[in-house]
Amino acid sequence: MSNGVVSKRRSTRERQLPHRFHNENEFEIKMVPKTKDFQEKELLLEIEKIKSGNVKLMKKNDGMKKENGKLKIKRDCNRRNGEILDQFLGGMRRKLKDMNTVCFPKIQRKIEDSKENHEMELDKLEKFKEYKEEQELLNPTKTDMDKRNLIEDLKRCPNCKKYFNSHINTPLILGCGHNLCRKCALRDFNVDGETECQECGVVEKSDEVEYAGSHPICWAVLSIM
Ligand SMILES: [Zn+2]
Ligand SMILES: [Zn+2]
C-alpha cells in the first residue's frame, strides 16, 4: 500500500476460472455469448443446414421416383409376360386334357379294335388252313397228282404199259439205268438181238449182255408194287 501498488483482489469467480482465460470477461465473451443476434445467426445457420439437407433428400426422392417408374414398367412387362404364359399354359392344359379324355381313349379303342380284327383274321386263317389241309387230303392238288402219276408210271413197263410183277413182267435195269419188263426185254432180244430202251432210245446189242433178260432186277420198283 505504501508503494502505491494496490494488489488486486481476485473475486471468487475469477479464481474458479480455468487458466486459459485471463479474466472473467474473456470467458464471458468466448463461452457464454448468448446474445439475441448470435442466437438468430445460429438458428439461420441451422435452417440453411436443414434446407440443404432437404434439397438432398428431394434429389434422392426424385431418383427413387425415377427408379420406381422403371420398376413399374418392368413389373407391368413381367405381368403381361405372366398373362401370356398363363394363357399358353391354359391352352396346353386344355390340349392335355383333350389328349387324356378324347385322343388316348380313341387310339386305345382303335388299337383294341384292330387287335380284335387281327385275332379274327388269324382265326379265319387258321380255319382256312385246316380246311385246306382237309381238302388236300380229300382232293390232292395238281402237284400231288403229278407225283402220284409219276409213281404210277414207274410201276409200269414203259414198253407194254403192264404193271411190273415178280413173274413174267419183272422190272429189269437196262445198261442206261431205265427199266423194262423181262417179257419185253426177251421179245426184243429174240426179234433182232437188241434191247432198245423206250425211255431214252439206247440200244443194247446181244453181245453186250450175258444172255437175254440177264439184266439185274429193280427191287426198288418191286418194293412199291
Ligand atoms: Zn413190258
Ligand atoms: Zn434208257
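Let me start with helix 3, residues 36-138, because that is where Leu85 lies. Before going on, I should say that this is a predicted model.

Leu85 is exposed, since its relative accessible area is 52% and the cut-off for exposed is over 50%. Leu85 also has company: together with Phe88, Leu89 and Met92, Leu85 makes a nonpolar surface patch of about 400 Å². That is the patch.

Now the metal sites, beginning with ligand 1. Which residues coordinate the zinc ion (ligand 1)? They are Cys157, Cys160, Cys181 and Cys184, each through its SG atom, at 2.2 to 2.3 Å. Along the sequence, the spacing of these donor residues reads C-x2-C-x20-C-x2-C. Look at Cys157 and Cys181, which are 24 residues apart and link distant parts of the chain. Cys157 sits in the loop between helix 4 (142-154) and strand 1 (171-173), while Cys181 belongs to strand 2, residues 179-181.

Why is the arrangement around the zinc ion (ligand 1) called tetrahedral? Because the four donor atoms subtend angles of 105 to 114°, and the rule for four donors asks that all angles lie between 85 and 135 degrees.

Are Cys157 and Cys181 buried or exposed? Both are buried. For Cys181 the relative accessibility is 0%, so Cys181 counts as buried; the cut-off is under 20%.

On to the zinc ion (ligand 2). Its protein donors are Cys176 (SG), His178 (ND1), Cys197 (SG) and Cys200 (SG), lying 2.1 to 2.3 Å from the ion. So one of the donor atoms here is the ND1 of a histidine, His178. The spacing of the donor residues in sequence is C-x1-H-x18-C-x2-C. The site of ligand 2 is tetrahedral, with angles of 104 to 113° among its four donor atoms.

How are the donors of ligand 2 placed with respect to the surface? Cys176 is partly exposed, because its relative accessible area is 31%, and partly exposed means between the 20% and 50% cut-offs. His178 is partly exposed as well, with a relative accessible area of 31%. Cys197, on the other hand, has 2% relative accessibility and therefore counts as buried.

One last item, given how many cysteines I have named. How many disulfides does a search of the whole structure find? Zero. The cysteines I listed by name appeared as zinc donors, with Cys157, Cys160, Cys181 and Cys184 at ligand 1, and Cys176, Cys197 and Cys200 at ligand 2.

How values were computed: Residues are numbered from 1 along each chain as its sequence is written. Chains are lettered from A and ligands numbered from 1 in the order in which they are written. This is a predicted model: local features need pLDDT of at least 70, side-chain atom pairs count only at pLDDT 80 or more; totals for chains, interfaces and linings use all residues. Side-chain values use heavy atoms; hydrogens and water are left out. Donors are N, O and S atoms within 2.8 Å of the metal (3.2 Å for Na, K and Ca); water is not among the atoms, so sites may look incomplete. Four donors count as tetrahedral if all angles lie between 85 and 135 degrees; four count as square planar and six as octahedral if opposite donors are over 155 degrees apart and all others between 65 and 115; anything else is irregular. Buried means under 20% relative accessible area, exposed over 50%, partly exposed in between (1.4 Å probe, protein chains only). Helices (H or I, at least four residues) and strands (E, at least two) are DSSP runs, numbered from the N terminus. A disulfide is a pair of cysteine sulfur atoms within 2.5 Å. Patches are made of residues with over 30% relative accessible area and no salt bridge: like charges are joined within 9 Å, nonpolar side chains (Val, Leu, Ile, Met, Phe, Trp, Tyr) within 5 Å. Accessible areas come from the Shrake-Rupley method with a 1.4 Å probe; for residues, only the protein chains shown count as cover. A salt bridge is a side-chain nitrogen of Lys or Arg within 4 Å of a carboxyl oxygen of Asp or Glu.
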